Amino acid sequence: MVRSLTLLCLAFSSLFLACGETTPPPKRAEQPRRTTTGATTRNDSPTGAGHSTAMSYDDALSQPEDVMALKGERELRNEELIGILRNPTFMNTCNVPDSMSLTLKIAVRGGKAIGVTVLTRPDDATVAECVDKAVRELTWPESKHRDSFTTTF
């Protein structure tokens, strides 16, 4: 009887609860999807090659930055970086359809976007280039650091 109970317990332990436990194992927490506050988030994330009318996001990040020379200099907070995109007028100006997903990868220094890559789904080079140019015209607070972020609409 004890042997049967032990085998039964072992068989079910991997499916339900370990022998003698009264609570199930903790579930893994789901990671929240990061979005820009005020942005409309769509389900399909853009994939494929990004579009850029000048220096791309990756090219901007690949340029060396003398971190020691910038020690003590002001860095932008996340809210300062993303807050500029809270009311993105370029969505209308560039005729971005409601069904389109956008991912913006932006590197900023000195109050301007120094590297931008726009990914769209479905892929649309015309819309992506319009959004890229509109983002490059935006102004961020001054900082000598190269700050970067990615956001999805």
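From the N terminus on, the elements of the chain follow the order α-α-α-α-β-β-α-β, which amounts to 5 helices and 3 strands. The model is a predicted one. Of the 153 residues in the chain, 33% count as buried. The exposed surface comes to about 10,100 Å², with carbon and sulfur atoms supplying 53% of it. Among contacts in the chain with a separation of 6 or more, residues 24 or more positions apart account for 76%. Individual cases of such pairing across the sequence are described below for the disulfide and for the loops that flank the helices.

Strands S1 (101–109) and S2 (112–121) run antiparallel and are joined by 9 bridges. One of the pairings links Ser101 to Arg121, its bridge partner in S2. The hairpin formed by S1 and S2 has 2 residues between the strands, and Gly110 takes a positive phi near 65° in this hairpin. S2 is mostly covered, since 7 of its 10 residues are buried, a residue being counted as buried when its relative accessible area is under 20%. In a regular strand the side chains alternate between the two faces of the sheet.

Helix H5 comprises the 12 residues 125–136. At 1.5 Å a residue, the helix should span 16 Å; the C-alpha atoms at its ends are 16 Å apart, so the expected and computed values agree. At the start of H5, a side-chain oxygen of Asp124 comes to within 3.1 Å of the backbone nitrogen of Thr126. The buried residues of H5 are Val127, Ala128, Val131, Asp132, Ala134, Val135 and Arg136. Their cover includes helix H4 (90–93) as well as strands S1 and S2. The antiparallel pair S1 and S2 thus contributes to the cover of the buried residues of H5.

The structure holds 1 disulfide. It is formed by Cys94 and Cys130, whose sulfur atoms are 2.0 Å apart. The pair links distant parts of the chain, with Cys94 in the loop between H4 and S1 and Cys130 in helix H5, 36 residues apart. A disulfide is a covalent bond between the sulfur atoms of two cysteines. The torsion about the S-S bond of Cys94 and Cys130 is about -80°, and the disulfide is therefore left-handed. The two cysteines fall into separate accessibility classes: Cys94 is buried, with a relative accessible area of 6%, whereas Cys130 counts as partly exposed at 27% relative accessibility. H4 itself is part of the cover over the buried residues of H5.

The loop between H5 and strand S3 (147–152) contains Arg146, and His145 lies in this loop as well. Both residues are buried: His145 has a relative accessible area of 9%, and Arg146 has a relative accessibility of 17%. With residues up to four places away in sequence not counted, His145 touches Glu65, Leu70, Glu73, Arg74, Glu75, Val108 and Arg109. A polar atom of the His145 side chain lies 3.3 Å from the backbone oxygen of Glu73. His145 and Val67 are 78 residues apart in sequence, and their C-alpha atoms are 8.2 Å apart in space.

With neighbours within four places in sequence left aside, Arg146 is in contact with Ala60, Leu61, Gln63, Pro64, Glu65, Val108, Arg109 and Ile114. The Arg146 side chain also reaches the backbone oxygen of Gln63, at 2.5 Å. Glu65, Val108 and Arg109 appear among the contacts of both His145 and Arg146.

Ile84 is found in the loop between helix H3 (78–83) and H4. At 29% relative accessibility, Ile84 counts as partly exposed. Leaving aside neighbours within four places in sequence, the contacts of Ile84 are Leu138, Thr139 and Trp140. For one of these, Thr139, the C-alpha atom is separated from that of Ile84 by 7.8 Å, although the two residues are 55 residues apart along the chain.

Notes
Residues are numbered from 1 along each chain as its sequence is written. This is a predicted model: local features need pLDDT of at least 70, side-chain atom pairs count only at pLDDT 80 or more; totals for chains, interfaces and linings use all residues. Side-chain values use heavy atoms; hydrogens and water are left out. Helices (H or I, at least four residues) and strands (E, at least two) are DSSP runs, numbered from the N terminus. The expected span of a helix is 1.5 Å times one less than its number of residues. Buried means under 20% relative accessible area, exposed over 50%, partly exposed in between (1.4 Å probe, protein chains only). Contact means heavy atoms within 4.5 Å. A polar contact is a pair of N or O atoms within 3.5 Å; within protein, one must be able to donate a hydrogen and the other to accept it, and residues adjacent in sequence count only if both atoms are side-chain atoms. Accessible areas come from the Shrake-Rupley method with a 1.4 Å probe; for residues, only the protein chains shown count as cover. A disulfide is a pair of cysteine sulfur atoms within 2.5 Å. Two strands pair if DSSP finds at least two bridges between them.
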